[in-house]
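Me: I should like to learn how to read the features of a protein structure. Could you guide me through one example?

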Amino acid sequence: MPIRVISFDCAQTLVEARWNPSGVACESAEAAGLRFDRQVAGEVYDRLLASRWGGFRQINLQRSEAACGAWWKELTSDWLDRVGLGRGHTDAVVHEADRIIYGPPSRVFRLYDDVLPCLATLQTMGFPMVVVSNWDNSLHRVLREFALTDWFAHVLASMEEGWEKPDPRLFQALFDRAGVRPDEVLHIGDNPLDDVRGAKEAGCHALLLDRSASQSAEGVLATLADLPKVVEG
């Protein structure tokens with residue numbers, strides 16, 4: 001069957017992600033003018049986040065940016081209280097975190113230079129494109145901030161769907177939503193297990209994106225600039 005839909009992972013495929021939650025929390029608090037022991041505060045944040053991660057997964061099933069934002073704000077407030085900085089600084093710290101994470105310019109995410117030219121060429125070639133990524137609800141905002149949303153017919157964030165790659169049920173959600181057969185989808189991502197093995201076990205075609213490679217080879221892309229040539233023929 002010919003390829004009808006091209007699917008992309010996001011982190012390290014479309015967008016470079018340098019995500020360090022406790023680091024961002026501490027940097028945000030410092031930017032808000034607070035002074036504290038950064039190592040101790042970071043350790044407290046890591047423990048608090050880990051203890052509540054299951055609840056965050058459940059919140060994501062609501063598919064609500066407001067609900068997820070409220071969860072992060074509550075976490076920040078409780079963290080500030082536990083390290084003795086006071087809940088009254090919550091809004092200021094959350095404001096700084098938003099600036100650091102989303103910018104512009106973002107200090108956490110960066111759009112790779114080969115993304116927009118690749119998407120433009122694929123669109124000209126007539127390929128519908130989708131995103132299937134192990135990510136939380138914030139995937140939608142990251143795509144918006146980089147003006148990527150309109151390129152994609154569907155965006156599936158694993159935490160909203162309830163399944164995470166390499167679980168084939170995440171890819172099945174894509175097949176159902178896009179109305180395609182598994183063998184009509186080509187998935188591109190940077191993770192050999194999640195993106196390549198996971199996609200193939202779900203019945204898709206798959207390519208590994210390895211930007212450290214000197215050149216593209218069979219089954220491996222060194223750059224997204226080579227993807228149009230691969231799907232063309």
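The dialogue below takes up helices, their packing, some single residues and some backbone features.

Me: What kind of model is this?

Reply: This is a predicted model.

Me: Let us begin with helix H1. How many of its eleven residues are buried?

Reply: A residue counts as buried when its relative accessible area is under 20%. In H1, which spans residues 21-31, eight of the eleven residues are buried, so this helix is largely enclosed by the rest of the structure. The buried residues are Pro21, Ser22, Gly23, Val24, Ala25, Cys26, Ser28 and Ala29.

Me: What covers the buried residues of H1?

Reply: The cover includes helix H2 (38-60), helix H3 (65-82) and helix H4 (90-102).

Me: Which residue just after H1 takes a positive phi?

Reply: That residue is glycine 33, with a phi of about 95°.

Me: How does one describe two helices that pack together?

Reply: Two packed helices are described by the angle between their axes and the distance between the axes. For H1 and H2, the axes come within 9 Å and cross at roughly 130°. H1 and H2 are therefore oblique to each other. Their crossing is right-handed.

Me: Which residues of H1 and H2 meet?

Reply: On the side of H1 they are Pro21, Ser22, Gly23, Ala25, Cys26, Glu27 and Glu30, and on the side of H2 they are Arg38, Ala41, Gly42, Tyr45, Asp46 and Leu49. By character, the residues of this contact comprise six nonpolar, three polar and four charged.

Me: May we apply the same reading to H2 and H3? At what angle do their axes cross?

Reply: The axes of H2 and H3 cross at roughly 155° and come within 10 Å. An angle over 145 degrees counts as roughly antiparallel, and that makes H2 roughly antiparallel to H3. The crossing of H2 with H3 is right-handed.

Me: Which residues form the contact of H2 with H3?

Reply: From H2, the participants include Ala41, Val44, Tyr45, Leu48, Leu49 and Arg52, together with Trp53, Gly55, Phe56, Ile59 and Asn60. They meet Ala67, Cys68, Trp71, Trp72, Glu74, Leu75, Asp78, Trp79 and Arg82 in H3. The residues of the contact of H2 with H3 divide into 14 nonpolar, two polar and four charged.

Me: I should now like to consider a single residue in H3. Is threonine 76 buried or exposed?

Reply: Threonine 76, which is placed in helix H3, has a relative accessible area of 10% and is therefore buried. Leaving aside residues up to four places away in sequence, threonine 76 touches Thr90, Val93 and Val94.

Me: What does glutamate 16 touch?

Reply: Glutamate 16 belongs to strand S2 (residues 15-17). Not counting residues up to four places away in sequence, glutamate 16 touches Val108, Phe109, Arg110 and Tyr112. In addition, its side chain is joined to that of arginine 18 by a polar contact of 3.3 Å.

Me: How should separation in sequence be set beside separation in space?

Reply: One states both values for a chosen pair. Glutamate 16 and glutamate 30 are 14 residues apart in sequence and 24 Å apart in space, C-alpha to C-alpha. For proline 168 and arginine 47, the separation is 121 residues in sequence and 31 Å in space, again C-alpha to C-alpha. Proline 168 lies in helix H8 and, with a relative accessible area of 41%, is partly exposed.

Me: Where are cis peptide bonds found?

Reply: The angle to read here is omega. One cis peptide bond joins proline 104 and proline 105, with omega about -10°; proline 105 lies in the loop between H4 and strand S3 (109-111). A cis peptide bond also joins lysine 165 and proline 166, with omega about 15°. Proline 166 is in the loop between helix H7 (158-161) and helix H8 (168-178).

Me: Which residues other than glycine have a positive phi?

Reply: Glutamine 12 is one of them, with a phi of about 65°. Glutamine 12 lies in the loop between strand S1 (5-8) and S2, and at 27% relative accessibility it counts as partly exposed. Alanine 147 also has a positive phi, near 55°. Alanine 147 is found in the loop between helix H6 (139-145) and strand S5 (154-157), and its relative accessible area of 56% makes it exposed.

Notes:
Residues numbered from 1 in each chain as written. Predicted model: local features only at pLDDT ≥ 70, side-chain atom pairs only at ≥ 80, totals over all residues. Heavy atoms only, no water. Buried < 20%, exposed > 50% of the residue type's maximum accessible area, 1.4 Å probe, protein only. Helix = DSSP H or I, 4+ residues; strand = E, 2+ residues; numbered from the N terminus. Contact = heavy atoms within 4.5 Å. Axes fitted to C-alpha atoms, helices over the stretch in contact; angles between N-to-C directions. Parallel < 35°, antiparallel > 145°, perpendicular 65-115°, else oblique. Left-handed = near helix turned anticlockwise from the far one by under 90°. Nonpolar A, V, L, I, M, F, W, Y, C, P; charged D, E, K, R; others polar. Polar contact = N/O pair within 3.5 Å; in protein donor to acceptor, adjacent residues only side chain to side chain.
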